[in-house]
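Colleague: Before we discuss this model, could you show it to me and explain each term as we come to it?

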Amino acid sequence: MAPYGRWGQRYTLGAAAITLGFSKTSYAQELWGESNVGRFMYGSLEGLTIVFEGIVRSSRAVYTFSVNSLDYKYSLRGHDYKSEEYYNVRSEVHLRAAKRILNLCESNKGFYIKAGQFMASLQHVPKEFTSILSTLQDKAVPCHIKAIKQVFVENFGKDLSDIYASFDEQPIASASIAQVHRARLPDGQEVAVKVQYPGLQQRLRVDIKTMGILSHAISWIFPDYQFEWIVPEFEKTLSKELDFLQEAENAERTARNFRKHKSVKVPHIFWDFTTRQVLTMEFMHGCKIDDLHCLLRSGLNPRKVAQTLVEVFAEMIFVHGYVHGDPHPGNILVFPHSSKNHSFDLVLLDHGIYRELDERFRVDFCQLWKALILLDQHEMQQMGERLGVGKYYQYLPVIFTGRTIDSKSGLGKSMPIEERKRLSQEVRQFTMGDISQFMESLPRDLLTVLRTDGLLRSIISKLGAPQRVRLMANAKYAVAGLVPKYNSEPGFSLKPTAKATFDYIYLRLCLEVLELHYKMKGIYASLLQQFKYWFSKFVGYLPTRITLPNLVS
């Protein structure tokens, strides 16, 4: 014990606590409760299989935790945390730890895949984790059709053949919690049927128990790594996702929110064929949103698709306050119209994860974007305090717009080299304790917005659109979100409404001027390209002594 010092004691006691945690409550009790243990343990081969798999998955998780813990403590020991050497060594350890977690998620599959994707979507965990874990694909080996048929019997009380006119037994998609089949209703309507895998609730209890014990142990052994809050948040999200009735309600609410938006489509829900474990919806066709070849073959402009995408989600966040929390490419289709005007529909799928933003948060977030647009430091500080980020408010412009709080660059322009160097030096001084404290201080609504924003950034980058498209959309809808809802109640004062309306007009004018500036730059760039082309065609070369003004930098 002596060679390891105080940390060695913590690690040994932590390992003992983990063992105690797993032995204190048996897996059978975690799966079914004490009253059902005997019946399932001894009367069901499936039950024994779930118990065995739970023990194997948990053993892998404990092993990964132990190796990562040792790696961090021994690799970083003796280094000054403010030194360049510490920064480089820590980055290497982050990379090794992320690869081990990736292997764990790929081996355990199921909810571990979901957990890895959840971590990858948190923009402010170390970049080594987000880059490695972002490669996780939520795919699974399809469940045998016999087990799927049993789900229908349990939910509808009748056989599959008595429910649908036809049902393709080969799934068209399979993920960690469900698989999707193509079918037809008795009236001939083509539908997609999402079927939840049997036994998921039991597996969820085991995996969440494991993750909870490990997160407590990590926080105790590494006092600076306070990420215990992630597990309850993840459990809450998954519990909602496993309720297909809730998903159906989310879909219908989103359809109502966008009923006047002709470019947004949400599959129609067939309630008579829907339960907590079976979701029957309209079958939708289209290109996966990041499939550039399919978009181009359909005559669509990927940048236009990207612009529509960010505007739809900006409206969700800033105006509706009701946000789709999982907009990865597999959940968004682009359906091209048959006409030649290059129009299309954006099809939103998988409505299992949503968050209704607190109204005060929604307004504060709109105000924050107003401050970000105008680089109003005082307003940013106020909004930062109201959003709970405290002293870290100065990094909000970097997080959302890619420019520092005292930046001289315009909205959507790249950060100057000097600013980038200064920011890099500041960030390198952050400890994991600082990052942990920052993440824990954030409102859960803001975490949802950050996660959604991160996924959207990835998509528009694949579509080849500049991040300015996202910034302009967020700015416009943040301004729109500040327009007050007129209140006709007695005694209602018009002063706040008048001021808010004036602010809206002023900010809208600023944005229109900025948008006109970008459009003029685009027109100039096009004319300049045409001039160079025709000049070189008729003259043969462009004289070096002719200098054209560079307005497109």
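Modeller: Two strands are said to pair if DSSP finds at least two bridges between them. Strands (E, at least two residues) and helices (H or I, at least four residues) are DSSP runs, numbered from the N terminus. The model is predicted, so that local features need pLDDT of at least 70 and side-chain atom pairs count only at pLDDT 80 or more, while totals for chains, interfaces and linings use all residues. Residues are numbered from 1 along each chain as its sequence is written, and side-chain values use heavy atoms, with hydrogens and water left out.

Colleague: In what order do the 4 strands of the open sheet lie?

Modeller: Strand E5 (residues 264-265) pairs with E10 in the parallel sense over 2 bridges, and strand E9 (residues 332-336) pairs with E10 in the antiparallel sense over 5 bridges. E7 and E9 are also antiparallel partners, joined over 2 bridges. The pairing in this open sheet is therefore mixed, and the order is E5-E10-E9-E7.

Colleague: Which are the edge strands of that sheet?

Modeller: In the order E5-E10-E9-E7, an edge strand is one that pairs on one side only. The edge strands are E5 and strand E7 (287-288).

Colleague: Which residue stands opposite Asp 345 in E10?

Modeller: Each pairing can be followed through facing residues, including Lys 265, which stands opposite Val 347 in E10, and Cys 287, which stands opposite Val 334 in E9. In the pairing of E9 with E10, which is antiparallel, the residue opposite Asp 345 is Phe 335.

Colleague: How many of the residues of E10 are buried?

Modeller: Buried means under 20% relative accessible area, whereas exposed means over 50% and partly exposed lies in between (1.4 Å probe, protein chains only). Phe 344, Leu 346 and Leu 348 point one way from E10, while Asp 345 and Val 347 point the other way, and all are buried. The strand is mostly covered, and its count of buried residues is 5 of 5.

Colleague: Is Asp 350 buried or partly exposed?

Modeller: Asp 350 lies in the loop between strand E10 (344-348) and strand E11 (354-356). Most residues other than glycine have a negative phi, yet Asp 350, which is not a glycine, has a positive phi of about 50 degrees. Because its relative accessibility is 21%, Asp 350 counts as partly exposed.

Colleague: How far apart in space are Leu 300 and Phe 344?

Modeller: Leu 300 is found in the loop between helix H12 (292-297) and H13, and it is buried, with a relative accessible area of 4%. Although Leu 300 and Phe 344 are 44 residues apart in sequence, their C-alpha to C-alpha distance is 7.9 Å.

Colleague: Why is helix H6 (residues 111-120) largely enclosed by the rest of the structure?

Modeller: Among the buried residues of H6 are Phe 111, Tyr 112, Ile 113 and Phe 118. H6 is largely enclosed because the number of its residues that are buried is 8 of the 10.

Colleague: What is the angle between the planes of Phe 152 and Phe 156?

Modeller: Rings of Phe, Tyr and Trp (its six-membered ring) pair if their centres lie within 6.5 Å, and planes under 30 degrees apart count as stacked, over 60 as edge-to-face and the rest as tilted; by this rule the count comes to 11 aromatic pairs. Phe 152 and Phe 156 form one that is stacked, 6.1 Å centre to centre. Because these residues are 4 apart in helix H8 (residues 145-156), they are separated by about one helical turn. The angle between their planes is 20 degrees.

Colleague: How do the axes of H13 and H20 lie relative to each other?

Modeller: Axes are lines fitted to C-alpha atoms, for helices over the stretch in contact, and angles run from 0 to 180 degrees between N-to-C directions. The axes of helix H13 (residues 302-320) and helix H20 (residues 467-481) come within 8 Å and cross at roughly 30 degrees. Angles under 35 degrees count as roughly parallel, over 145 as roughly antiparallel, 65 to 115 as roughly perpendicular and the rest as oblique, which means that H13 and H20 are roughly parallel.
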